[in-house]
Amino acid sequence: MLRVTEIFRSIQGESTHAGRPCAFVRLTGCPMRCVWCDSEYTFTGGDHFTLEDVINQVRAFDCKLVEVTGGEPLAQREAFTLIERLCDEGFEVLVETGGFVSTGDLEKRARIILDVKCPASGEAERNHWPNLDRLRADRDEVKFVVANQEDWDFACRVIAAHQLEQKARAVLISPAWGLIDLKELADLVAASGLKVRMQLQLHKYIWGPEVHGV
Ligand code: SF4
C-alpha cells in the first residue's frame with residue numbers, strides 16, 4: 001500500500017519538461033522540514049491506495065508523462081515498485097526527490113529531478129551527496145531552490161565541485177517563492193556564465209501558489 005495525498009493531471013510546472021501534459025502522483029510524508037516548503041499539506045493525512053489503484057488512476061488520464069512526487073516520494077519503500085511498474089507500462093516517469101533518500105535502488109528508466117538543499121532551507125546538512133554521483137547526463141536534472149545570495153554562492157560551489165554542468169541534463173535554478181526578487185536572481189544567473197537554467201514554477205503563476213492538485 002502507498003499513502004497518497006493526491007493524483008491529478010495538469011501541466012508540468014518545472015524542469016526541462018515544463019509545459020508538457022503530465023499526470024502527478026503526490027505521495028504523503030516527508031522526513032525533511034525545509035523552511036520554505038510549499039507542500040506542507042503532504043506531511044500528514046493521505047489515503048491508502050494499492051499499487052493497482054494508483055496505476056489505474058494514472059492510466060485513466062491517458063497521459064504519457066507521469067511525475068511521482070511528494071512530500072518525499074522515496075521515503076515510502078513501495079514507491080520504488082510503483083516507479084518500476086509505471087516504467088513497465090510504458091510511461092515516461094519523472095521522480096522529483098528532495099535529495100535526502102538514496103536514489104541508488106531507483107528504477108534506471110525513470111528520470112530523476114534531484115533537489116540539492118541550500119542553506120536557507122535549513123536542511124542543507126541532510127543532502128545525500130552520493131546521489132550527485134549517480135546523475136546521468138542524458139536524463140537526470142538537478143535543482144537548487146535559491147532564497148538569497150548565500151544560497152546562490154552555495155549552489156555555485158556545489159555545481160563546480162561536482163561538475164554538475166557535465167553530469168546532469170540540466171541544472172535548474174529556482175527562486176524560493178516570495179523570498180528573492182526574480183530580477184535579482186535573473187541577474188545572478190545571467191552574469192554567472194554557467195550552463196544552468198533559471199526556472200519559475202509555472203503552475204503557481206497560472207493557478208496561484210495556494211491551489212493544490214494543479
Ligand atoms: S523536501 Fe520537499 S516536501 Fe520535504 S520539506 Fe523540503 S520542500 Fe517540503
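This report describes the overall form, the internal spaces, the cysteines and two loop residues of a predicted model.

The protein is built from seven helices and nine strands. Its radius of gyration is 16 Å, close to the 17 Å that the globule rule gives for 214 residues, so the protein is as compact as a globular protein of that length. Taken along the principal axes, the C-alpha atoms fill a box of roughly 50 × 35 × 30 Å. Of the 214 residues, 53% count as buried, and among contacts between residues at least 6 apart in sequence, 70% join residues at least 24 apart.

Two kinds of internal space can be described, an open pocket and an enclosed cavity. The largest pocket holds about 920 Å³ of space. Its lining comprises 45 residues, of which E14, R26, D38, S39 and Q201 are the closest to the centre of the pocket. Seven elements are listed as giving two or more residues to this lining, namely strand 1 (2-11), strand 2 (21-27), strand 4 (65-69), strand 5 (92-97), strand 7 (141-146), strand 8 (170-175) and helix 7 (202-207).

As for enclosed space, the structure holds one cavity of 30 Å³ or more, and the volume of the largest cavity is about 50 Å³. The residues that line the largest cavity are G99, L114, D115, V116, N127, H128, W129, N131 and L132. Strand 6 (111-116) and helix 3 (130-133) are the elements that give two or more residues to that lining, and the largest share, three residues, comes from strand 6.

The table sets out the class make-up of the two linings.

| Lining | Nonpolar | Polar | Charged |
|---|---|---|---|
| Largest pocket | 17 residues | 14 residues | 14 residues |
| Largest cavity | four residues | four residues | one residue |

Turning to the cysteines, a search of the whole structure finds zero disulfides. C87 is accordingly in no disulfide, and the nearest cysteine sulfur, that of C22, is 13 Å away. C87 is buried because its relative accessible area, 8%, is under the 20% limit. For C118, the closest cysteine sulfur is that of C156, and the separation of 9.7 Å is too far for a bond, because a disulfide requires the two sulfur atoms to lie within 2.5 Å. C118 also counts as buried, at 1% relative accessibility.

Two loop residues may be described in turn. T42 is found in the loop between strand 2 and strand 3 (47-49), and with a relative accessible area of 0% this residue is buried. Leaving aside neighbours within four places in sequence, T42 is in contact with T5, R26, L27, T28, G29, G70 and G71; of these partners, R26 is also among the residues closest to the centre of the largest pocket.

L179, by comparison, is found in the loop between strand 8 and helix 6 (182-192). L179 is classed as partly exposed because its relative accessible area of 49% falls between the 20% limit for buried and the 50% limit for exposed. Once neighbours within four places in sequence are set aside, L179 is in contact with W36 and A147. The C-alpha atoms of L179 and Y205 are 16 Å apart in space, and the two residues are 26 residues apart in sequence.

Technical notes. Residues are numbered from 1 along each chain as its sequence is written. This is a predicted model: local features need pLDDT of at least 70, side-chain atom pairs count only at pLDDT 80 or more; totals for chains, interfaces and linings use all residues. Side-chain values use heavy atoms; hydrogens and water are left out. Buried means under 20% relative accessible area, exposed over 50%, partly exposed in between (1.4 Å probe, protein chains only). On a 1 Å grid over the protein atoms alone, a cavity is a set of points where a 1.4 Å probe fits but cannot get out, and a pocket is an open set with protein on both sides within 12 Å along at least five of seven lines; lining residues have an atom within 4 Å of a point. Grid points are joined across faces, edges and corners, and a volume is the space filled by probe spheres set on the points. Helices (H or I, at least four residues) and strands (E, at least two) are DSSP runs, numbered from the N terminus. Ala, Val, Leu, Ile, Met, Phe, Trp, Tyr, Cys and Pro count as nonpolar, Asp, Glu, Lys and Arg as charged, and the others, Gly among them, as polar. The radius of gyration is taken over C-alpha atoms; the globule rule is 2.2 Å times the number of residues to the power 0.38. Contact means heavy atoms within 4.5 Å.
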